[in-house]
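Open the model in your viewer and keep the sequence panel beside it. Each stop below says what to select and what is there.

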Amino acid sequence: MKFLLSAFLTLFYLGAQAQDKLAQTTIKAVLTGNQNQVIQLAEAFSEEQYNWRPTKGVASVGEALLHVAGANYYLASKMGFAPPEEIDIMKLNKITGKENIIAAVKKSNAFVLEKITMIETASLGEEVDFGFMKANKLGGLLAIMEHNGEHKGQLIAYARSNNVTPPWSK
């Protein structure tokens with residue numbers, strides 16, 4: 001009987017813990033999918049295509065990818081997570097070369113994914129000034145997810161314009 005009670009309490013506790021960070025883990029799962037597809041697209045472009053832009057004044061492939069990396073760090077920093085010491089957000093746009101750009105995006109992706117579940121559920125309602133908007137931390141997490149999805153769409157359009165098929169569409 002003690003075993004059954006102990007097992008039940010353990011399962012109840014684990015279930016409660018999983019529900020405690022439901023928003024964070026759900027956002028993390030969706031964001032992981034977006035990030036993986038952004039990386040697949042980044043890898044599908046040739047080195048030369050990284051300088052391609054649809055028109056003057058619009059971000060190139062490489063610039064769009066570095067913008068995603070910078071925004072990951074920026075939004076996380078506004079929620080209390082400073083970028084790693086070796087990362088200077090203001091100099092990310094100086095990174096060149098396909099492999100270096102992909103590495104920078106992957107590093108920012110890993111950083112932001114790690115931080116999502118570090119946000120306590122009780123603090124999701126806390127207001128944050130992101131500079132371009134005021135929202136709560138949940139809004140900030142959703143902004144990270146939406147921003148990655150927005151630029152995945154941009155990169156899909158760039159890929160199609162350059163006869164690059166998104167790898168998951170083959």
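Select F45 and Y50. Both residues are buried, where buried stands for under 20% relative accessible area, exposed for over 50% and partly exposed for what lies in between, using a 1.4 Å probe and protein chains only. The ring centres of F45 and Y50 are 6.5 Å apart and the planes meet at 85°, so this pair is edge-to-face. Rings of Phe, Tyr and Trp (its six-membered ring) pair if their centres lie within 6.5 Å; planes under 30 degrees apart are stacked, over 60 edge-to-face, and the rest tilted. By this rule there are 4 aromatic pairs.

This is a predicted model, in which local features need pLDDT of at least 70 and side-chain atom pairs count only at pLDDT 80 or more, while totals for chains, interfaces and linings use all residues. Residues are numbered from 1 along each chain as its sequence is written, and side-chain values use heavy atoms, with hydrogens and water left out.

Next, select W52 and Y158. Their rings also form a pair: the centres are 5.1 Å apart and the planes are at 80°, so it is edge-to-face. This pair links distant parts of the chain, since W52 is in the loop between α2 (22–44) and α3 (61–78) and Y158 is in helix α5, 106 residues apart. Helices (H or I, at least four residues) and strands (E, at least two) are DSSP runs, numbered from the N terminus. Is W52 buried, partly exposed or exposed? W52 counts as partly exposed because its relative accessibility is 24%. Y158 is buried, with a relative accessible area of 6%.

Stay with W52 and add N162, which lies in the segment after α5. Leaving aside neighbours within four places in sequence, N162 is in contact with F45, Q49 and W52; contact means heavy atoms within 4.5 Å. N162 is buried, at 15% relative accessible area. Now select N163, also in the segment after α5. N163 counts as exposed because its relative accessibility is 75%. Its phi is near 55°, a positive value in a residue other than glycine. Most residues other than glycine have a negative phi.

Go back into helix α5 (residues 137–161) and select H151. H151 counts as buried because its relative accessibility is 9%. Which side chain does H151 join through a polar contact? The side chain of Q154, at 2.5 Å. A polar contact is a pair of N or O atoms within 3.5 Å; within protein, one must be able to donate a hydrogen and the other to accept it, and residues adjacent in sequence count only if both atoms are side-chain atoms. Not counting residues up to four places away in sequence, H151 touches H67 and V68.

Move to S77, in helix α3. The side chain of S77 reaches the backbone oxygen of Y74 at 2.6 Å. S77 counts as partly exposed because its relative accessibility is 28%. Add V112: it is 35 residues from S77 along the chain, and the two C-alpha atoms are separated by 9.6 Å.

Then select E120, in the loop between α4 and β1 (127–129). At 44% relative accessibility, E120 is partly exposed. Beyond its neighbours within four places in sequence, E120 is in contact with K21 and Q24. E120 and Q24 are 96 residues apart in sequence, and 8.7 Å apart in space from C-alpha to C-alpha.

For the next stop, show the surface. The largest pocket holds about 210 Å³ of space. Of its 15 lining residues, those closest to the centre are N51, G62, E63, I95 and I101, so select these. The elements that give two or more residues to the lining are α3 and α4 (98–116), and α3 has the largest share, 4 residues. On a 1 Å grid over the protein atoms alone, a pocket is an open set of points where a 1.4 Å probe fits, with protein on both sides within 12 Å along at least five of seven lines; lining residues have an atom within 4 Å of a point. The volume is the space filled by probe spheres set on the points, which are joined across faces, edges and corners.

Finally, zoom out to the chain. Its secondary structure comes to 5 helices and 2 strands, in the order α-α-α-α-β-β-α from the N terminus. Of its 170 residues, 40% are buried.
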